[in-house]
Structures are given as structure tokens and as C-alpha cells.
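Good morning, and thank you for coming. Please look at the model on the screen while I go through some of its features.

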Amino acid sequence: MGTQHIISIGDFDRDGIDRLLDHAGQIDKKKFDPDALAGKILAVLFFEPSTRTRMSFESAIARLGGTSISVGSVDACSMAKGETLADTIRVVSGYADAIVIRHPKEGAARLAAEFSTVPVINAGDGAGQHPSQTLLDLYTIRQSMPIDGIDIALVGDLRYGRTAHSLASALSLYNARLHTVSPNGLELPQTLAAKLRDRGMEIIEHDDIREVIPDVDVLYVTRIQRERFPDSASYFNVSSSNRITPELLEGARKHLIVLHPLPRVDEIDPRVDNSPHAKYFEQSRNGVPMRMAMLLQVLQ
Ligand code: CP
């Protein structure tokens, strides 16, 4: 078998996803060997800011007995001197047993996989994919309800939001119905929507978030990504659309869960945090068992 990379959620079929979710569930119950990855080294190459993904991968390898190495900041590595990503990956794959990479350019993780001799895990490539986030999102949904057949609203920046792209793709394997609510110009890319519809997914576009609240099981809220806008004016035109408040949730189903990959800026009113609907901090905590399961899959 060749090197096992995790670049896109599309690399998995439904059985593969379910197996990983089951494994994360076992790990969550402390059923794992704390020395399973003793002696293994994870290289953490982040060319964009991160709190959750980076730290939960570092926590995951440490909990399994391995260690992580990194170059610190982007400015501190030799790419700042003009070294290519391909050469960087060739070199780093000689220092580690797996590489986790985040990069601002879509396709960078796939390129890294072409030049790496060790498994590469995509920790987010521009507006492309974020497969480890999707797995922990699915894991969090499954803690509250069966994933099959859910009605889910994706809210916010669906054009640039890689977490929304990955999650929508995965949910097409689970017979989910997708509701989208996004500011003008930030809709789900047409190519992705067409692909999902070809797979039989029903996608309903809404102009007003109030329309979807009574009809969904999951509200997946995403940040408007300022860093991907060409200028500040176009960002500020849309940044406060569709804010989630306790008043908005009054008409929600009792079991509705609110998820957000975080960081949030002002998409969710902090008063929602204490509501039984709010699951976004549990969601970020789930990153550790989920990423432990992923590391065991590629490193064992
Ligand atoms: N959800 C997520 O990717 O968060 P970070 O950017 O903090 O890693």
C-alpha cells in the first residue's frame, strides 16, 4: 500500500468515515494505548494562523506518546528566503513520520503529498478543504443525533469557507438536506453545488436566516473570512449578516444544535453560549480524539 495521505474528505467513503468516528468514540472513552505512537514525530507546518487545528494535532500526538516539531512562524522558515513548498516538503519528510500542513493556497496540501515520502494531512488549504475539521464536525453531530437524513443550515461565508465545503461534501454521503444562508457574493460555489446535486443532495437556498430556524436540526455557522476579501470595504458590507441570537433561536427545534468551527468574530451572540443548543466548544474539544484517530490511521 502507498503512503496514506488525508487531503480531502472526498478521499473517504462512508464506511471509512464511520470507522474513524467509531474509533474517536473509543478514544474518547480512554480506550487507547498512550504509547501507540511512541517514537513517532509529527511535523506541524502552518503557513496560516491557527489555534484549534494546530494545538489539537499537537495534543493528539502527545497523548499517543509521540512528539511534534515545527518551524514556529512562517517568517522563521526558509520559505521566507524563497525556498519552494516542494523542496520544503522533500526536506521535512526526512525529519518526521507525518506532516500536517495548513497553507493559504488551495491545492497546496495535494502538492505537498506529491513530494512527501511520509503521510500528509491537510489542515486547511485556502478556500479548498479542511478534512479533519469535517470529521470532528460529524463526530459532534453524531453525539447529539444520527447523521442520516438531517436538515442542516450552512450559514455565513460559503464561498471561501473550506469547513463548509468539506462538510457539505461529507454530508452528501449521509442523505442530508442542505439549507444555505449566505450574504450576496458569498454563496456556495456553483461547481460544488452542482456536484452535490449530482450525488442526489437537495440544496435549498434562503435569503433570510429566520426562514430556516424552525426547519433544521443543525445550524452550522461560519465566520466571514476577512483575510480572503480583496478589500476592507467589501468585508464590512457583509460582516454582520445573519448573527445568531437567543431571540432568533426561540422558534428552533428542541434538539437543534449550533456548531461553529471557530474562531467566531460576531456571528454568534455570546448570550447563546449558555443555551443547550450551543455545542461549538464541545466541537472544538472533539478535535483531540478525532485527530488521535486520524494519526493512528496514517501512522500505525
Ligand atoms: N477551526 C479551525 O480550523 O480553527 P483554527 O483556525 O484555530 O485552527
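Let me begin with a term: helices, of at least four residues, and strands, of at least two, are DSSP runs, numbered from the N terminus. Please keep in mind that this is a predicted model.

With that numbering, we can place Pro263 in the loop between strand E9, residues 257-259, and helix H10, residues 280-285. Which residue does a cis peptide bond join to Pro263? The partner is Leu262, and omega of this bond is about 5°. A second loop, between helix H6 (162-171) and strand E6 (177-181), holds Asn175. Asn175 is not a glycine, and its phi is positive, near 60°. For context, most residues other than glycine have a negative phi, and most peptide bonds are trans.

I turn now to the ligand. Leu262, which takes part in the cis bond, is also one of the residues around the ligand. The others in this shell are Ser50, Thr51, Arg52, Thr53, Arg102, His130, Gln133 and Pro261. By class, the shell has two nonpolar, five polar and two charged residues.

Which side chains place a polar atom beside an oxygen atom of the ligand? For Arg52, the distance from such an atom to a ligand oxygen is 3.0 Å. For Arg102, a side-chain N or O atom is 2.9 Å from an oxygen atom of the ligand. Gln133 instead approaches a nitrogen atom of the ligand, with a side-chain N or O atom 3.0 Å away. On its own, the ligand has 260 Å² of accessible area, and the protein covers 91% of that.

My last topic is a pair of helices. Two packed helices are described by the angle between their axes and the distance between the axes. For helix H1 (residues 14-28) and helix H11 (residues 287-299), the angle is about 115° and the axes are 8 Å apart. Their crossing is right-handed. H1 contributes Leu20, Leu21, His23, Ala24, Ile27 and Asp28 to the contact, while H11 contributes Pro289, Met290, Met292, Ala293, Met294, Leu296 and Gln297. What classes of residue make up this contact? It consists of ten nonpolar residues, two polar residues and one charged residue.

Technical notes:
Residues numbered from 1 in each chain as written. Predicted model: local features only at pLDDT ≥ 70, side-chain atom pairs only at ≥ 80, totals over all residues. Heavy atoms only, no water. Axes fitted to C-alpha atoms, helices over the stretch in contact; angles between N-to-C directions. Left-handed = near helix turned anticlockwise from the far one by under 90°. Contact = heavy atoms within 4.5 Å. Nonpolar A, V, L, I, M, F, W, Y, C, P; charged D, E, K, R; others polar. Near = heavy atom within 4 Å. Polar contact = N/O pair within 3.5 Å; in protein donor to acceptor, adjacent residues only side chain to side chain. Areas by Shrake-Rupley, 256 points an atom, 1.4 Å probe, with all protein chains shown as cover.
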